[in-house]
Amino acid sequence: MKRITWTIVAFCLLLAKPVAGQEAKPNSTLINNVQIFDGRNVIASSGAVRIEDDRIAQVSSTQLEPLLGEMVIDGKGRFLMPGLIDAHVHVSWAFPFSKADQANESYVTAGAVANASAMLKRGFTTVRDTAGTDYGLAMAIDDGVVQGPRIIFTGRSISQTGGHADHRKINEKPSNSLIHGFGSTIADGEAEVIKAAREELRRGAYFIKIHAGGGVSSPTDPLHSVQYSFEEMQAAVQTAADRGTYVAAHAYTPESISRALNAGVKTIEHGNMIDKKTAELAARKGAFVVPNLITYWAMDKAPGMPPYIKAKNKTALDAMTDALKLLKEAGVKIAFGTDLIANMHPLQNQEFLLRTQAFTPLEILRQATSVNASLIALSGRNNPYGKLGVIEAGAVADIILIDGNPLENMTLMSKPETAFSLIMKDGKIVK
Ligand SMILES: [Zn+2]
């Protein structure tokens, strides 16, 4: 594929009629003759996008004349859109369940590196990691040591004793201090929550994640359990706000979601069992909800799951259809997330297909680009990357080219290996 792309590029360079006297910057690329979806709407049927270094320099609704020395790509009418953003991933949780007891740091990292590279090839140029990945992998990607999407990470999520991120079995001993496990810290009381949040912010976290209620993959907390008192949640929110950022909360039930929203939490992760009243509260608060359909679908099908996971997963899965309807009716900002773990990551792009049960193709593409970009912007000045998720002058040059129109055929989004003919991150072609 790479050879074909470069053959096209070389051929176009030969044919390009440069504009007399106007010389291109050294790292200037023109993508001509493309249908442009800018992250919000289709703005051109045969337009052009010019990239200089790592930024989009110009967007035109008509084709442009190449500058002298500019690399030109003939888009041949393909569909150009912003690089995809996944707002709920666990890049480092890529080891199989069967290895959970043996996975040490190097084993976890090896899997995370492979997983990051695969995510980028699926068209995801930015991901928001909601537990497990820290600055090390994010920095290695930024430095070009390994390939992957830029990672907006929380580091370790924060959970109460017996909460969703307390992975101890029922027969394990209690502890009197903070426990730092893989991807999580167990903290109880305002003082410990503040300390745990400050620790993640010290390690570069873009946002803080807490667990406000029961979850599927944890052994001792029922889904209906509400986790963290209002005061503990507020302590996390204040600590994040003092650093110019926000708190995300894992929450399923109306009780846990409404407590989190009232404490000032800005994003609700999952939200499967939300009711009408709570959806309306989320809309009034201007909060984002990040549903993830594919992970429940995949866990339902996965062989060898412990019975407690299977049962909780079924409850969460069955509630999702109603939740999406209520969120949409209430006018909540709905983000795009997948939440896959272990060996289920290759299903990431199937989220696009599952969402068609509740959303139009245009809504889904907006969720995975401009809506997710505005969620990531909640990190404010802590986010060094600039404008993401849109095709406009000055934005980061993350671009994908698709063979066909996903607004007419969402299946294309689920087949990145064949349907995505070009993936560009930071102005560099990665596929
Ligand atoms: Zn998650």
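This is a guided tour of one protein chain, moving from the whole model to single residues.

**The whole chain**

Keep in mind from the start that the model on your screen is predicted. Begin with the entire chain in view, where you can find 12 helices and 19 strands. Along its principal axes the C-alpha trace spans about 75 × 45 × 45 Å. A compact globule of 431 residues would have a radius of gyration near 22 Å, and the chain, with 22 Å, agrees with that expectation. If you colour the chain by burial, the buried residues will make up 51% of the 431 residues. Among contacts between residues at least 6 apart in sequence, 70% join residues that are at least 24 apart.

**Two domains**

Next, colour the domains separately, selecting 2–83 together with 388–429 for domain 1, and 84–357 for domain 2, as the domain assignment gives them. The centres of these two domains, taken over C-alpha atoms, are separated by 34 Å. Where they touch, 13 residues of domain 1 are in contact with 13 residues of domain 2. On the domain 1 side of this contact, strand S18 (residues 420–425) gives the most, with three residues, and the residues of that side divide into seven nonpolar, four polar and two charged.

**Strand S18 and its partners**

Now select S18 by itself, and ask how many of its six residues are buried. The strand is mostly covered, since six of its six residues count as buried. Add strand S17 (residues 399–402), which runs antiparallel to S18 and is joined to it by four bridges; to see one such pairing, show isoleucine 400 and its bridge partner in S18, isoleucine 423. Then add strand S19 (residues 428–429), which is also antiparallel to S18 and is joined to it by two bridges. Here methionine 424 stands opposite isoleucine 429 in S19. S18 and S19 form a hairpin with two residues between the strands, and in this hairpin aspartate 426 takes a positive phi near 55°.

**Two other residues with positive phi**

Most residues other than glycine have a negative phi. With that in mind, select asparagine 33, whose phi is near 60°, a positive value. Asparagine 33 lies in strand S1 (residues 28–37), and it is partly exposed, with 19 other C-beta atoms within 10 Å. Then move to lysine 76, which has a positive phi near 50° and is placed in the loop between strand S4 (71–74) and strand S5 (79–82). Is lysine 76 buried or exposed? It counts as exposed, because it has 12 C-beta neighbours inside 10 Å.

**The largest nonpolar core**

In soluble globular proteins, nonpolar side chains tend to be buried together. In this model the largest nonpolar core has 124 residues, and the members that touch the most others are Val49, Leu80, Ala236, Val247, Ala260, Val265 and Ile268. Select helix H11 (residues 361–376) as well, for this helix gives the most to the core, with seven residues. Domain 1 and domain 2 both give residues to this core, so it lies between them. For a closer view, centre on valine 265, which, not counting residues up to four places away in sequence, touches Met233, Val237, Val247, Ala248, Ala249 and Ala260.

**Helix H6 and what surrounds it**

Select helix H6 (residues 254–263), a mostly covered helix in which seven of the 10 residues are buried. These buried residues are Ser256, Ile257, Ser258, Arg259, Ala260, Leu261 and Ala263. What covers them includes helix H5 (230–242), strand S13 (247–251), strand S14 (267–270) and helix H7 (276–285). After H6 comes glycine 264, whose phi is positive, near 105°.

**Last stop: alanine 287**

Finish in the loop between H7 and strand S15 (288–290), where alanine 287 lies. Although it belongs to a loop, alanine 287 counts as buried, because it has 24 C-beta neighbours inside 10 Å. Leaving aside neighbours within four places in sequence, alanine 287 is in contact with Leu261, Lys266, Thr267, Ile268 and Ala282. To end the tour, draw a distance from the C-alpha atom of alanine 287 to that of serine 370, which lies 83 residues away along the chain; the separation is 15 Å.

How values were computed: Residues are numbered from 1 along each chain as its sequence is written. This is a predicted model: local features need pLDDT of at least 70, side-chain atom pairs count only at pLDDT 80 or more; totals for chains, interfaces and linings use all residues. A nonpolar core is a set of buried Ala, Val, Leu, Ile, Met, Phe, Trp, Tyr and Cys residues joined through C-beta atoms within 7 Å. A residue is buried if 20 or more other C-beta atoms lie within 10 Å of its own, exposed if 12 or fewer, and partly exposed in between; C-beta atoms are placed from the backbone. Domain bounds come from an automatic or database domain assignment. Two residues are in contact if their C-beta atoms, placed from the backbone, lie within 7 Å. The radius of gyration is taken over C-alpha atoms; the globule rule is 2.2 Å times the number of residues to the power 0.38. Ala, Val, Leu, Ile, Met, Phe, Trp, Tyr, Cys and Pro count as nonpolar, Asp, Glu, Lys and Arg as charged, and the others, Gly among them, as polar. Two strands pair if DSSP finds at least two bridges between them.
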